[in-house]
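Open your viewer and get the selection tool ready. We'll hop from one stop to the next, and at each one you'll hear what to pick and what is there.

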Amino acid sequence: MSASGRTRRAAAPLARRSFLAGTAAAAAALALQGCARGESTSAQPGTTSLSNDNATWDEGYRSAGRALKAITGSALRPLSNPSVTSYQQVVQMTLQTSKASDLVKWASGYQLKRLARTDGLTDLTGVWDRYVSKGWVRDASRDAASYRGKVYGIPLYESYYVLFYSKPVFAKLGLSAPGSWAELLHCAEVLKRNGITPFLASQVGGWPAIEWFQELVTKVDPRFYQKLVTGQASYTDAPARRAMDIWQDFMRKGWMTSPDFDQARGPGALKSGTVGMFLHGTWQAQGMTAVGMKPGVDYGACILPTVQPSTPKSVIAESGVFVVPRRASSHGAAMANVGAWLDPSVQRVWSDFLQDSSANPTVRSGNPVVAQLQQDIAREHRIPLIRYWEASPPSLIQGNTDDLGGFMAGQTSPATTLRRMQERARDEWAAWRRDEA
Amino acid sequence: MAPAVLLVVAFLLAPFVWTIYRSFFSDSRTSPFSWFDNYSRFASDPALTRSVQNTLMWVVGTVLLPFVLGLAIACMTNATRWSRAARLCVVLPYALSGAAVAVVWNFMLTTDGAVNQVLTNLHLGSLAHGWLLTWPGNTIVMILANAWQATGVAVILFLVGLQSIPPETLEAGALDGAGSWQQFRHIVLPQLRPVSIIVIGMSLVNGLKSFDLIWVLTQGGPGRATETLAVSMYNETFLELRPGVGAAIAVVLTVIVLAASWLYLRRQLDVKGE
């Protein structure tokens, strides 16, 4: 009995050790395989990998990729990570590896500058200059794609921040798209009187809190906005205070949805007639189509009027960019693809998918509402302004966005909110300039 | 033993030591050594002060509610005919992930959500408001949502404890003339002490590290009003892009969790003589 007992006692640890060793070896093998990142981003002839944070665009990338392949021989292979936060971490980490994605979708402005200063991106100045010579990109947006004089991003699209409105609701109430501030207020009053919330405003997900702030400041004084986001004006100055007072007045009158209204429900709310106007990027046109609304029939769009008739007209523009990591697995193919991305034949397919305006000004949007906006913006010589999210150092924007969310929830007054934003601006601009020095 | 130690060192201790090291460096581009600057933000940043307040509220709420509710439900469903069904109803939420619970409660608590619609239909519209918008109400409703989920495991543990109580002790008490309350107070409760220690200890740690429900429901907002230390750690590191401050919060949170757990368990186990 004792002998067999010893045998059992001796056998058990051995089996456990073997099991542990086997498991550890398997885990190590899996980890090594994972670290090698052999599958997703390694070179695959005939395609270039594309890191993307919007999975609903994958089909569009594939379609545009087929048009690209006809020019460069390489299609697009989208790799999506729909969580923006984790996407940013993954991109920043993979830039340091030897198998970075070939193309990466990124934000422009200071978000791009922050990524470019890691020294992990390819200089695309030559590509940009060739596009300019063909008239396929607006050179006015060069700064938003540059860092220290070199271009690091090629525009992916160009969206404008506009007021979508429900055409059937407006027609039923005898309203038309507001062309002046007085008309905007009239529309809001009539909508409210008829039980419809005039404006969609949200802070769900964080960043939407910037939408009304940037829009109202630019419609009070666009030149002030330009100074504000470059650190040359104070958040406590009169134009910012005026914008916040208007915003608070709108909220107090019940003209805006509750701040916890998820704007993903915006198109549905517009269709059902519970919300009258939806301030958002023109890329939302795709969402309108998704709920069965036809452009020009079920919805229209206009740019928020200026508060004073004499105020210069402006429009907030948002442009994502493609960047090429220096250590991209198929660097040559990636450069060929960014060099052909703004080709009209590619942009035709991409713009039709996105239902939005192309970054190539020669390509007219297939969506009649967006096409009309493009035409109006050009005709009225509106000042293009970079979206707030990309317009200042990221840490400053993130903190100020939190403050605006608090303001929307009624936690802070306009004066307190602006004071906090200015304090942060002072600190973050000093930090950014110190880092740059 | 060696592989286990190696794994703990590689995946627990080494990152922890690195986190402590990182917390003493600035978040500027060159990351110079900055002594306790990152820790000093606890005194100067109102968002972190609020985060500490919220964490304390979470600890109190997640310890008290699951304990009281768990004990009450376990006692009430211990020996009834419908106890199995009742227990299932209470325990079921425990099987759900925090994110799924948050999605359900988001449907309930938004301004145009189910709770306000019910109140309006009951002509109690004056009580309807944005439950997730104003502090401290938003933190309190999230603690209640968490209790809805966390009570299940407390019920299971208390039921195990109740079923291990020898019936003779209760019979002896009854023969001595003890009423129901006296039996509960002087016979049942003392015998549930080991289980209570586990329930409170688990709730304490869960309260201190609560993250998923808050993140899905409010992302710590609006205006960082509902952040706990765990959410602040994530927010500072990944959204505000200040990994040094995030590391300092992580260190403080870890110290609090370890100290609270150690003090609580040492005291409880010492009293029991183990």
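Which residue in β12(A) does P155(A) stand opposite? Select the pair and you'll find V321(A) facing P155(A).

Before moving on, some housekeeping. This is a predicted model, in which local features need pLDDT of at least 70 and side-chain atom pairs count only at pLDDT 80 or more, while totals for chains, interfaces and linings use all residues. Residues are numbered from 1 along each chain as its sequence is written, chains are lettered from A and ligands numbered from 1 in the order in which they are written, and side-chain values use heavy atoms, with hydrogens and water left out.

**Stop 1: the open sheet in chain A**

Stay with those strands (DSSP runs of E, at least two residues, numbered from the N terminus, just as helices are runs of H or I with at least four). β6(A) and β12 (residues 320-323) of chain A run antiparallel, joined by two bridges. That is enough for a pairing, as two strands pair if DSSP finds at least two bridges between them. Now colour the whole sheet: it is open, has five strands in the order β2-β1-β3-β12-β6 (chain A), and its pairing is mixed. β2 (75-80) and β6 (154-155) of chain A are at the edges with a single partner strand each, so one side of each has no neighbour in the sheet.

**Stop 2: strand β11 in chain A**

Next, select residues 314-318 of chain A, which form β11. Is this strand buried or exposed? Five of its five residues are buried, so the strand is largely enclosed by the rest of the structure. Here, buried means under 20% relative accessible area, exposed means over 50%, and partly exposed lies in between (1.4 Å probe, protein chains only). Turn the strand around and you'll see S314(A), I316(A) and E318(A) on one side, with V315(A) and A317(A) on the other; both faces are covered.

Add the partners. β7 (residues 159-166) of chain A pairs with β11(A) in the antiparallel sense over two bridges, and Y160(A) has A317(A) as its bridge partner. β13 (residues 383-386) of chain A pairs with β11(A) in the parallel sense over four bridges, with P384(A) opposite V315(A).

**Stop 3: helix α8 in chain A**

Pick residues 209-220 of chain A: this is α8, mostly covered, with twelve of its twelve residues buried. Show the side chains and you'll spot charged-type names in the list too, including E211(A), E215(A) and K219(A), along with W212(A) and F213(A).

**Stop 4: N367 in chain A**

Zoom to N367(A), in the loop between α14 (344-354) and α15 (368-379) of chain A. N367(A) counts as buried because its relative accessibility is 1%. Its side chain makes a polar contact of 3.2 Å with that of Q355(A). (A polar contact is a pair of N or O atoms within 3.5 Å; within protein, one must be able to donate a hydrogen and the other to accept it, and residues adjacent in sequence count only if both atoms are side-chain atoms.) Leaving aside residues up to four places away in sequence, N367(A) touches A285(A), P295(A), Y299(A) and Q355(A), where contact means heavy atoms within 4.5 Å.

**Stop 5: over to chain B**

Hide chain A and show chain B, which has 13 helices and zero strands. Its C-alpha atoms fill a box of roughly 75 × 60 × 35 Å along the principal axes, and 43% of its 274 residues are buried.

Finish on S232(B), in helix α12 (residues 229-239) of chain B. S232(B) is buried, at 0% relative accessible area. Among the residues it touches, not counting those up to four places away in sequence, are L48(B), R224(B) and I249(B).
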